[in-house]
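Q: Could you walk me through how some labels in this structure are earned, step by step?
A: Gladly; let's look at it together and set each value against its cut-off.

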Amino acid sequence: MSWSQHHIDLKPRPRGVHLVTHEVVGALPELRDLRIGLAHIFIRHTSASLTLNENASPDVRRDFETWFDVAVPEDFAWTHTLEGADDMPAHVKASLMGPSLTLPIAGGRLALGTWQGIYLCEHRDRGGSRSLLVTLNGE
Amino acid sequence: MSWSQHHIDLKPRPRGVHLVTHEVVGALPELRDLRIGLAHIFIRHTSASLTLNENASPDVRRDFETWFDVAVPEDFAWTHTLEGADDMPAHVKASLMGPSLTLPIAGGRLALGTWQGIYLCEHRDRGGSRSLLVTLNGE
Amino acid sequence: MSWSQHHIDLKPRPRGVHLVTHEVVGALPELRDLRIGLAHIFIRHTSASLTLNENASPDVRRDFETWFDVAVPEDFAWTHTLEGADDMPAHVKASLMGPSLTLPIAGGRLALGTWQGIYLCEHRDRGGSRSLLVTLNGE
C-alpha cells in the first residue's frame with residue numbers, strides 16, 4: 001500500500017484542446033510499481049480543465065473547441081468581464097469538463113480504453129503553464 | 001484495507017440514457033465487506049458516459065436524451081464526420097457527463113441518496129456492449 | 001493509513017451558485033492529520049451539484065447561474081414536469097456539474113489552487129438543506 005504525490009507543470013499551450021497523456025504519464029514513474037490502484041490528476045486552475053477523450057484524430061479536439069465557443073460564447077450577458085472576454089466563458093467551460101480525472105491503475109499502467117487519452121482543455125487565450133497535482137494510491 | 005478490481009461488460013443498449021445501478025452493484029459482491037471506502041466506476045470508451053441522476057421516472061432519462069440532442073446537435077460545424085453523424089456529438093456528450101463516477105461506500109453498500117441511480121449514457125446509435133472497470137478500495 | 005467519513009448538512013440556500021469551502025473544510029478536523037491523501041465530497045441529491053471554481057468575485061457565481069438558465073432552460077420540450085418547471089432543468093444541470101469532487105490533500109490541507117473554491121450549485125428554487133457525505137483517505 002503506498003501513496004505518492006507529484007507536481008507537474010504542463011508547458012504553455014494556446015487556447016484549445018490538447019492531448020497530454022504522454023506528458024502526464026512520463027512524469028509518474030511509480031505507476032509501474034502499482035498492481036492495482038487509482039491515479040487522481042488535479043488541475044489547480046479555474047479556467048482550464050481536464051477530460052478524457054479520443055486520442056487519435058486532431059479533428060476531434062478542434063471540434064471540441066468549436067463546440068465550446070458556441071455553447072459558452074464570449075458574446076453573452078456576462079457581468080464578470082474585467083479580465084477579458086475570454087475569462088468568464090473559460091470559468092464555465094472549466095466546470096463543464098471538471099478540474100480532475102480519477103483513472104484506474106492495473107498492472108503498473110493506467111487502464112485506459114484503446115481510444116482514451118488525457119485532454120488538457122486550455123480555455124484562456126494565454127493561460128500560460130498549467131500546474132497539475134497528481135496523487136497515486138495503490139498496492 | 002483492501003483493493004479489488006472488476007471488469008463488467010454492460011449489455012448493449014440503444015442510444016439514450018439507461019439506469020444500470022442493479023447491473024453494476026450485482027457484479028460487486030465485495031461491497032458488503034467494506035465498512036467504509038470508495039467505488040470508482042470507469043467506462044473505457046469515448047462515446048458513452050456515466051452519471052448519477054433520478055432513479056424513478058423514465059421521463060427524466062428521456063428528457064436527458066432530448067436535451068443532449070439540442071445542446072450537442074448532429075447538424076453542426078463538425079469536421080470529424082467520417083464515423084457518422086452521431087460520432088462527434090457522442091464525443092462531446094461523453095466529456096460533458098464524464099467517464100467515471102466515484103461513489104462512497106458505507107456499511108457494505110454504496111451510500112447513494114434515496115433518488116440517485118447510476119446512468120449509462122449511450123451516445124452512439126449502435127454502441128454495442130460497453131466495458132466498465134470498477135476499482136474498490138476500503139476497509 | 002486511515003479512512004473517515006462525515007455527514008455534513010449544508011444550510012438551505014436559494015437557487016444559484018454558492019461558495020461553501022469554509023462550511024465544508026470546517027467540518028473536517030481530521031484533514032490536518034493527513035500528510036497525503038484524497039477528500040471525496042459527495043452530494044446525495046439529483047437536483048444540486050458540486051464544482052470547483054473562482055473563489056473571489058460573486059459576479060462569477062451569478063454569471064454561472066445566468067448561463068445555466070440559458071443552456072438548460074425551463075421553457076423546453078420537457079416531459080417530466082410534474083414537480084415544477086425548475087425540476088427537470090435541475091436534473092440536467094446537476095449532471096453537467098456532477099455529484100462529487102475528489103480533491104487532493106497535502107500537508108494537512110486541501111491542496112487547492114489559489115483561486116479555487118468549492119461551489120454548491122443549488123438548481124431548485126427551494127432545495128432546502130443539502131446533505132453531503134465526505135470520505136477522507138490518506139496517511
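Q: What makes the backbone oxygen of P14(B) and the side chain of H18(B) a polar contact?
A: In this predicted model, the backbone oxygen of P14(B) lies 2.7 Å from a polar atom of the H18(B) side chain. The cut-off for a pair of N or O atoms is 3.5 Å, so a distance of 2.7 Å falls within it.

Q: Why is H18(B) called buried?
A: Its relative accessible area is 15%, and buried means under 20%, so H18(B) qualifies.

Q: Where does H18(B) sit, and which residues beyond its sequence neighbours does H18(B) contact?
A: H18(B) belongs to strand β2 of chain B, residues 16-19. Leaving aside neighbours within four places in sequence, H18(B) is in contact with R13(B), R61(B), I118(B), Y119(B), L120(B) and E122(B).

Q: How do you know that E74(B) and R15(B) form a salt bridge?
A: Their side chains meet at 2.7 Å, N to O. The limit is 4 Å between a side-chain nitrogen of Lys or Arg and a carboxyl oxygen of Asp or Glu, so the pair passes.

Q: Which parts of chain B does this pair tie together?
A: E74(B) lies in the loop between α2 (58-71) and α3 (87-97), and R15(B) in the loop between β1 (2-10) and β2, so the bridge ties together parts that are 59 residues apart in sequence. As for exposure, E74(B) has 33% relative accessibility, which lies between 20% and 50% and therefore counts as partly exposed.

Q: What makes D59(B) and R62(B) a salt bridge, and how are they placed in their helix?
A: The closest N and O atoms are 2.5 Å apart, within the 4 Å limit, so this pair counts too. D59(B) and R62(B) are three residues apart in helix α2 of chain B, and therefore separated by about one helical turn.

Q: Are D59(B) and R62(B) buried or exposed?
A: Neither label fits: D59(B) is at 24% and R62(B) at 48%. Values between 20% and 50% are called partly exposed, so that is the term for D59(B) and for R62(B).

Q: What about R124(A) and D86(A): how far apart are the closest N and O atoms?
A: They are 3.0 Å apart, and the limit is 4 Å, so R124(A) and D86(A) form a salt bridge. The pair links distant parts of the chain, 38 residues apart: R124(A) is in the loop between β7 (116-122) and β8 (130-138) of chain A, D86(A) in the loop between α2 (58-71) and α3 (87-97) of chain A.

Q: Why are R124(A) and D86(A) called buried?
A: R124(A) has a relative accessible area of 15% and D86(A) one of 8%. The cut-off is under 20%, so the label holds for R124(A) and for D86(A).

Q: How many salt bridges does a search of the whole structure find, and how many cross the interface of chain C and chain A?
A: The search finds 33 over all chains, while the interface of chain C and chain A has zero. That interface does have 13 residue pairs in polar contact.

Q: Which element of chain C gives the largest share of the side that touches chain A?
A: That is α2(C), with seven residues. The residues on this side divide into 17 nonpolar, 10 polar and four charged.

Terms used:
Residues numbered from 1 in each chain as written. Chains lettered and ligands numbered in written order. Predicted model: local features only at pLDDT ≥ 70, side-chain atom pairs only at ≥ 80, totals over all residues. Heavy atoms only, no water. Polar contact = N/O pair within 3.5 Å; in protein donor to acceptor, adjacent residues only side chain to side chain. Helix = DSSP H or I, 4+ residues; strand = E, 2+ residues; numbered from the N terminus. Nonpolar A, V, L, I, M, F, W, Y, C, P; charged D, E, K, R; others polar. Buried < 20%, exposed > 50% of the residue type's maximum accessible area, 1.4 Å probe, protein only. Contact = heavy atoms within 4.5 Å.
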